Amino acid sequence: MEGNMFALELKNVNYKVKGFALKEINMTVPKGMITGLVGRNGAGKTTLIHIIANNLERESGTILYDGIRYWEDEASIKRKLGIVYDVTNFNEQFTAKKFKKRIAPYIDGFDIDYFDKYMDKFELPYNMKFVKYSTGMKRKLMLILTLSRKPEILIMDEPTSGVDPADRYEMLDMLQEFVEDENHSVVFSTHITSDLDKIADYLIFIDNGKIVIESEKEELLEKYRMIDIPNNLITEGVKERMIGTKKNSFGITGITSDVILWNMEGTITRRLLVEDLAIYIREIDKKGVPQ
Amino acid sequence: MDRKNYEWRKKTGMQIKISSITQIPIYEQIEIQIKEMIMAGIYTPGTQLPSIRILARDLKVGIITCRRAYDDLCAQGILISHPGKGVFVANILKEQLKSINMDLLTEQLKGICESARVSGISRLEIIENINLIFNKMEE
């Protein structure tokens, strides 16, 4: 790999509005990889994306785009960034046909062949106004429009919400096709954590406006196990060695990084999914991620 | 699905199936199956494997997951990486192949022993059963 290791680097980024703040955000998005952004509703994912896109002015901190600051080369950074927002940002009164004729030729570097290929693949109609598209169709269109501009850093806010499983599979394939070029990078937020279990390389968990976990995926998932401990084995101190326990009639269930508990006779353990971390995010924030 | 994606599969007869239900980590599933294909003679020394990015896309898994599988197999001397060219099946000897196979068998036997233990079947009963199977095969 040439040049910078990181597509994005955020250092001590702060942002504040009434009732919400992003606090001391330090994070990196590795180049050539797919990074998932996970967090509850209102955790700050969308705000963070708008800060990176330079739509919102941060209070303090530094953001490096492929190693340089925004003002150092605004034109090249704008070209490199491809952002899919959670709401449409194009004229919905247009049809794809009209868009192709009137707008596309004037967009710098717009790849018409790519646009057509995926419009056909997703069976999106050329003669229907975008406003008439379903939620899922709009999501697919937004991804196609962004990727047709040939960006290098793709940032997406909930790109797969409202999209059916078959089309979601195709969208994930588009992302993986995109990172076949090792200079391309993807970061996207999603509540569909199974997508991240599949294709993500790195995970960033955000809660209450701060980064709780930032890690390589496999490494992170191997730090914990989901464990069931039957009532007769719940001795003094067992609960304290677990993160976020839930009680049921047979015993307790929860996640733990304690290897002694994993190997305890009579307990049942299973590997962690991204969803498990998303559920216990607040408890992990309190106890910290084991080294 | 795209042509390019499946070219290497056709060329090499490589078939990797990823299960998200099993407790075996995905990188390990990839490692086991590549070893199996080498044992089966589908992959011969010198065969080029797909790049980690192509493999990741094809299997719908992470890039780092694939890299880990290749790195592990390279460390075991089963694959060899030529920077800038790609990853290939190494020139491994018969004895090495045998030991790889033994490792695979041991893993399977562990599962069998565990099932036996849980269902109250004794060590002797299992060994007797294996003897019977071997006798039948030799008939």
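**Surface patches, aromatic contacts and salt bridges in a predicted two-chain model**

On the surface, K97(A), K98(A), K101(A), R102(A), K129(A) and K132(A) come together as a patch of positive charge. Patches here are built from residues with over 30% relative accessible area and no salt bridge, with like charges joined within 9 Å and nonpolar side chains (Val, Leu, Ile, Met, Phe, Trp, Tyr) joined within 5 Å. Lys and Arg count as positive and Asp and Glu as negative, while His and the chain ends are left uncounted; each charge is placed at NZ of Lys, CZ of Arg, CG of Asp or CD of Glu. Accessible areas come from the Shrake-Rupley method with a 1.4 Å probe, and for residues only the protein chains shown count as cover.

The model is predicted, so local features need pLDDT of at least 70 and side-chain atom pairs count only at pLDDT 80 or more, whereas totals for chains, interfaces and linings use all residues. Residues are numbered from 1 along each chain as its sequence is written, chains are lettered from A and ligands numbered from 1 in the order in which they are written, and side-chain values use heavy atoms, leaving out hydrogens and water.

Chain A has 11 helices and 13 strands, with helices (H or I, at least four residues) and strands (E, at least two) taken as DSSP runs numbered from the N terminus. Its C-alpha atoms fill a box of roughly 70 × 40 × 40 Å along the principal axes. Of the 291 residues in this chain, 52% count as buried; buried means under 20% relative accessible area, exposed over 50%, and partly exposed in between (1.4 Å probe, protein chains only). Helix α1 of chain A (residues 45-52) has 6 of its 8 residues buried, so it is largely enclosed by the rest of the structure. The buried ones are K45(A), T47(A), L48(A), I49(A), I51(A) and I52(A). After α1(A) comes N54(A), with a positive phi near 70°.

Back at the charged patch, K97(A) sits in helix α3 of chain A (residues 96-102) and, at 54% relative accessibility, counts as exposed. The aromatic side of this helix is a different story to tell. Over all chains, the whole structure gives 9 aromatic pairs, where rings of Phe, Tyr and Trp (its six-membered ring) pair if their centres lie within 6.5 Å, and planes under 30 degrees apart count as stacked, over 60 as edge-to-face and the rest as tilted. For F99(A) and F110(A), the ring centres are 5.6 Å apart and the planes meet at 65°, so this pair is edge-to-face. The contact links distant parts of the chain, 11 residues apart: F99(A) is in helix α3 of chain A, and F110(A) in the loop between α3 and α4 (112-121). Both F99(A) and F110(A) are buried, and together with F115(A) and Y126(A) they form one aromatic cluster.

Next come the charge pairs. Over all chains there are 22 salt bridges, each a side-chain nitrogen of Lys or Arg within 4 Å of a carboxyl oxygen of Asp or Glu. One of them joins K121(A) to E170(A) at 3.6 Å, N to O. It links distant parts of the chain, with K121(A) in helix α4 and E170(A) in helix α6 (residues 165-178) of chain A, 49 residues apart. K121(A) is partly exposed at 28% relative accessible area, whereas E170(A) is buried at 18%. Helix α6 of chain A also holds R168(A), which is buried at 15%. R168(A) lies 8.9 Å from K140(A), C-alpha to C-alpha, with the two positions 28 residues apart in sequence numbering.

A further salt bridge connects E180(A) and R57(B) at 3.0 Å, N to O. E180(A) lies in the loop between α6 and β7 (185-189) of chain A and R57(B) in helix α3 (residues 52-59) of chain B, so the pair joins two chains. E180(A) and R57(B) are both buried.

In chain B, E114(B) forms a salt bridge with R117(B), with the closest N and O atoms 2.9 Å apart. The two are 3 residues apart in helix α5 of chain B, and so separated by about one helical turn. E114(B) is partly exposed at 38%, while R117(B) is exposed at 54%. Elsewhere, salt bridges with shared partners join K117(A), D173(A), E177(A), E180(A), R57(B) and K60(B) into one network.

Chain B also carries a nonpolar surface patch of M102(B), L105(B), L109(B), I112(B), I130(B), I133(B), F134(B) and M137(B), with about 750 Å² of accessible area together. The elements giving two or more residues to this patch are α5 (94-118) and α6 (123-138) of chain B. L105(B), in helix α5, counts as partly exposed at 40% relative accessibility.
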